[in-house]
Amino acid sequence: MPRYLRNLIIALIIIAALIGLDFVFQGRMISPYFVRILMLSGIAITLAVSLNLINGFTGQFSIGHAGFMAIGAYSSAYFTVTFGDRIQKALGFLPAFGRESLLLLLGLSIAALLAAIAGFIVGVPSLRLRGDYLAIVTLGFGEIIRVFILNIDAVGGARGFSGIPKLSNFFWIYLFAAATILVVYRIVHSSFGRTLVAIREDEIAAEAMGVHTTRAKVISFVVSSAMAGVAGGLFAHYLMYIHTNSFTFLKSFEIIIMIVIGGLGSISGSVLGAVLFIGLTEGLREFAQYRMILFSLLLIVIMIVRPQGILGHKEFVTFLTRRRRSIGAAPGTTGAN
């Protein structure tokens, strides 16, 4: 594991601990609006990095990520609302922070499990397809999941699901963001990761070399879905109210925009794209009705200047190192000519 990535994860954990202390002191050091942006950015990082595993590294085009996020959000929220009081009473020997942390971890475990199962059910039939057909199928499955939840009265139905305990904080959100980065990095740089990249580059050639492409794609899809479920659980336990309107296909497109901006096949590009997307959408909010127009124009400019994304397939440190080398080599090259 490279030193820069290890240092990044350690830095995230340290920052999360410091911000967690700020929450203990009622958040007096940081404005609530800025804290909200940080929270949403952390959740967006988890969503973008997890989607990049299937779209960027495996080369499949999935548009149903919001559906798995919805499963994670609703399942974890239902668990904590229904069984939360009994579990906390059973854990009465622990301090309040310990009880809430264990309850959140249990809820997120259920969210990841159910989202992974849904990913397997969706992935087995749909990942036999390719290209636009796969995109249409995953989009359809994402909407089916959303409409199905919309008609379940136990989780609020059309009214939305309220009364969710606020268990997510900066520490947990960025801890799971760091864990997502670590897991995806370890997958990509393993032998299985090389299989995924081979599928991305040429699926037919990979099959000819004996790679079970469908199985590899399904595993990648299931892992990505589980991470989206965790992000959904964190999202629900931060906002304390969720509605199916938060998980439409537009949400899936937003996540795709994040990884396209940063660069498909780049982990640090996903992080950069998520932060830029949240920052731009919030920064342009003061322009009211012109906000989406300005944001669309910025996206068009980025796609014209850097069609492969800001970082492309490279990681941030590699991108900077090669750029410095090219700048340093330019004078010598000119002199030789």
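**Entry 1: the surface**

Which residues form a nonpolar patch on the surface? I put this down first, and a reminder with it: I am looking at a predicted model. The patch consists of Phe-287, Tyr-290, Ile-293, Leu-294, Leu-297, Ile-300, Val-301, Ile-304 and Val-305. Together these residues have about 890 Å² of accessible area.

I then picked out Val-305 from the patch. Val-305 sits in helix 12, which covers residues 291–305. I noted its relative accessibility as 61%, so Val-305 counts as exposed.

For the whole protein chain, I wrote down an accessible surface of about 16,700 Å². Carbon and sulfur atoms own 68% of that surface.

**Entry 2: the overall build**

How many helices and strands does the protein chain have? I found 13 helices and zero strands. Reading along the sequence, I get α-α-α-α-α-α-α-α-α-α-α-α-α.

The protein chain has 337 residues, and buried ones make up 47% of them. I also looked up how far along the sequence the contacts reach. Taking contacts with a separation of 6 or more, 80% are between residues 24 or more positions apart.

**Entry 3: the core**

Which residues touch the most other members of the largest nonpolar core? That core has 84 residues, and the ones I was after are Ile-45, Val-184, Leu-234, Ile-242 and Phe-247. Helix 2 (residues 32–57) gives the most to this core, namely 14 residues.

I followed Ile-242 a little further. Leaving out residues up to four places away in sequence, Ile-242 touches Ala-73, Tyr-74, Ala-77, Gly-160, Phe-161, Ile-164, Phe-235, Ala-236 and Phe-247. Phe-247 turns up again here as a neighbour of Ile-242, having been listed with Ile-242 among the core residues that touch the most other members.

**Entry 4: salt bridges**

Side chains of opposite charge can pair when their charged atoms come close. I count four salt bridges in the structure, and I looked up several of them.

I began with Glu-203 and Lys-217, whose side chains meet in a salt bridge at 2.9 Å, N to O. Why does this pair tie together parts that are 14 residues apart in sequence? Glu-203 belongs to helix 8 (residues 203–208) and Lys-217 to helix 9 (residues 213–239), so the bridge links those two parts. Are Glu-203 and Lys-217 buried or exposed? Both Glu-203 and Lys-217 are buried.

Next came Glu-201, which forms a salt bridge with Arg-200. The closest N and O atoms of this pair are 3.0 Å apart. Glu-201 has 54% relative accessibility and so counts as exposed. Arg-200, at 23%, counts as partly exposed.

Then I turned to Lys-251 and Glu-254, where the salt bridge is 3.9 Å, N to O. These residues are three apart in helix 10 (residues 249–262), which means about one helical turn separates them. Glu-254 is partly exposed, with a relative accessible area of 29%.

**Entry 5: Glu-282**

I gave Glu-282 an entry of its own. Glu-282 lies in helix 11, residues 267–283. Is Glu-282 buried or exposed? I noted 16% relative accessibility, which is under the 20% cut-off, so Glu-282 counts as buried.

What does the side chain of Glu-282 meet in a polar contact? The partner is the side chain of Tyr-33, at 2.9 Å. Not counting residues up to four places away in sequence, Glu-282 touches Tyr-33 and Ile-37.

**Entry 6: two last stops**

Pro-165 was my next stop. Pro-165 lies in the loop between helix 5 and helix 6, the latter being 170–188. Its relative accessible area is 26%, so Pro-165 is partly exposed. Apart from residues up to four places away in sequence, Pro-165 touches Thr-80, Val-81, His-237 and Met-240. Pro-165 and Val-81 are 84 residues apart along the chain, while their C-alpha atoms are separated by 7.2 Å.

I closed with Gly-131, found in helix 5 (residues 131–150). At 42% relative accessibility, Gly-131 is another residue I marked as partly exposed. How many residues apart along the chain are Gly-131 and Ser-62? They are 69 residues apart, and 9.3 Å separates their C-alpha atoms.

Note on methods: Residues numbered from 1 in each chain as written. Predicted model: local features only at pLDDT ≥ 70, side-chain atom pairs only at ≥ 80, totals over all residues. Heavy atoms only, no water. Core = buried A, V, L, I, M, F, W, Y, C linked by side-chain atoms within 4.5 Å. Buried < 20%, exposed > 50% of the residue type's maximum accessible area, 1.4 Å probe, protein only. Helix = DSSP H or I, 4+ residues; strand = E, 2+ residues; numbered from the N terminus. Contact = heavy atoms within 4.5 Å. Polar contact = N/O pair within 3.5 Å; in protein donor to acceptor, adjacent residues only side chain to side chain. Areas by Shrake-Rupley, 256 points an atom, 1.4 Å probe, with all protein chains shown as cover. Patch = residues over 30% accessible without salt bridge, like charges linked within 9 Å, V, L, I, M, F, W, Y side chains within 5 Å.
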